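Visitor: I am new to this structure. Please take one part and look at it closely with me.

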Amino acid sequence: MNKKKILLSLLMMFAVSAIGGCASKRNEKTTEKSEHKKNSQPDNAAKEVLVKRLIITDGCIGCGLCFNIDREHFAMSEYEQKARVISQANLNSYFLQAAIKNCSSAAIALR
Ligand code: SF4
């Protein structure tokens, strides 16, 4: 009788440890999957690489308003009688936004 109880308890312990081992392996797999999902998502640094460029299109009539508003980014070309971009830095500046907004021919663009 005692031998049966001991044998039965050993079997129970073995079964419990086997089930616990399977559960921990399953947890490892789920954590691996979640880490893989995290790594597969594009990170913000990669998004910021897509930087816009300041350009002046052919619609510029050479009125000089952008140059008067923002001399950090614009200069007037005497030869072409048009504005030209002289800097691609600080594209979020207040004066650049004002120049874009006030250009009468909508010739300034950030692309
Ligand atoms: S404000 Fe517009 S139209 Fe006038 S010079 Fe600048 S880009 Fe050209």
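What pattern does the protein chain follow, read along the sequence? From there, please take me to the nonpolar core and its surroundings.

Guide: Start with the chain. This is a predicted model. Read along the sequence, the pattern is α-α-β-α-β-β-α-β. That comes to four helices and four strands. The protein chain has 111 residues, and buried ones make up 10% of them. Take the contacts between residues at least 6 apart in sequence: 58% of these join residues at least 24 apart.

Now the core. The largest nonpolar core has nine residues in all. They are Cys-60, Cys-66, Ile-69, Phe-74, Ala-83, Leu-96, Ala-99, Cys-103 and Ile-108. Two helices, helix 3 (65–69) and helix 4 (94–102), each supply at least two residues of this core. A grouping of this kind has a general background: in soluble globular proteins, nonpolar side chains tend to be buried together.

Look at one member, Cys-66. Set aside residues up to four places away in sequence. Cys-66 then touches Phe-74, Ala-83, Ala-99, Cys-103 and Ile-108. Each of those five is also listed in the core.

Next, the ligand. It is surrounded by 14 residues. The closest are Cys-60, Cys-63, Cys-66, Ala-83 and Cys-103. Among the core residues, Cys-60, Cys-66, Ala-83 and Cys-103 appear again here. By class, the shell around the ligand holds ten nonpolar and four polar residues. It has no charged residues.

Follow Phe-74 and Ala-83 out of the core. Strand 2 covers residues 74–77, and strand 3 covers residues 82–85. The two strands run antiparallel, joined by four bridges. Ser-77 stands opposite Lys-82 in strand 3. Four residues lie between the strands of this hairpin.

Gln-81 sits in that loop, between strand 2 and strand 3. Its phi is near 55°, a positive value in a residue other than glycine. In general, most residues other than glycine have a negative phi. Gln-81 is exposed, because just 12 other C-beta atoms lie within 10 Å, and a residue with 12 or fewer counts as exposed.

Move on to the loop between strand 3 and helix 4. Asn-90 has its place there. Asn-90 also has a positive phi, of about 55°, although it is not a glycine. With 12 other C-beta atoms within 10 Å, Asn-90 is exposed.

Gln-88 belongs to the loop between strand 3 and helix 4 as well. Gln-88 has 12 C-beta neighbours inside 10 Å, so it counts as exposed. Not counting residues up to four places away in sequence, Gln-88 touches Arg-53 and Leu-54. Gln-88 and His-73 are 15 residues apart in sequence, and their C-alpha atoms are 7.1 Å apart in space.

Leu-54 brings us to strand 1 (residues 54–56). Leu-54 is partly exposed, with 19 other C-beta atoms within 10 Å. Leave aside its neighbours within four places in sequence. Leu-54 is then in contact with His-73, Val-85, Gln-88, Leu-91 and Leu-110. One more pair to find: Leu-54 and Ala-109 are 55 residues apart in sequence, yet 5.9 Å apart in space, C-alpha to C-alpha.

Terms used
Residues are numbered from 1 along each chain as its sequence is written. This is a predicted model: local features need pLDDT of at least 70, side-chain atom pairs count only at pLDDT 80 or more; totals for chains, interfaces and linings use all residues. A residue is near a molecule or strand if its C-beta atom, placed from the backbone, lies within 6 Å of it. Ala, Val, Leu, Ile, Met, Phe, Trp, Tyr, Cys and Pro count as nonpolar, Asp, Glu, Lys and Arg as charged, and the others, Gly among them, as polar. A residue is buried if 20 or more other C-beta atoms lie within 10 Å of its own, exposed if 12 or fewer, and partly exposed in between; C-beta atoms are placed from the backbone. Two residues are in contact if their C-beta atoms, placed from the backbone, lie within 7 Å. Two strands pair if DSSP finds at least two bridges between them. A nonpolar core is a set of buried Ala, Val, Leu, Ile, Met, Phe, Trp, Tyr and Cys residues joined through C-beta atoms within 7 Å.
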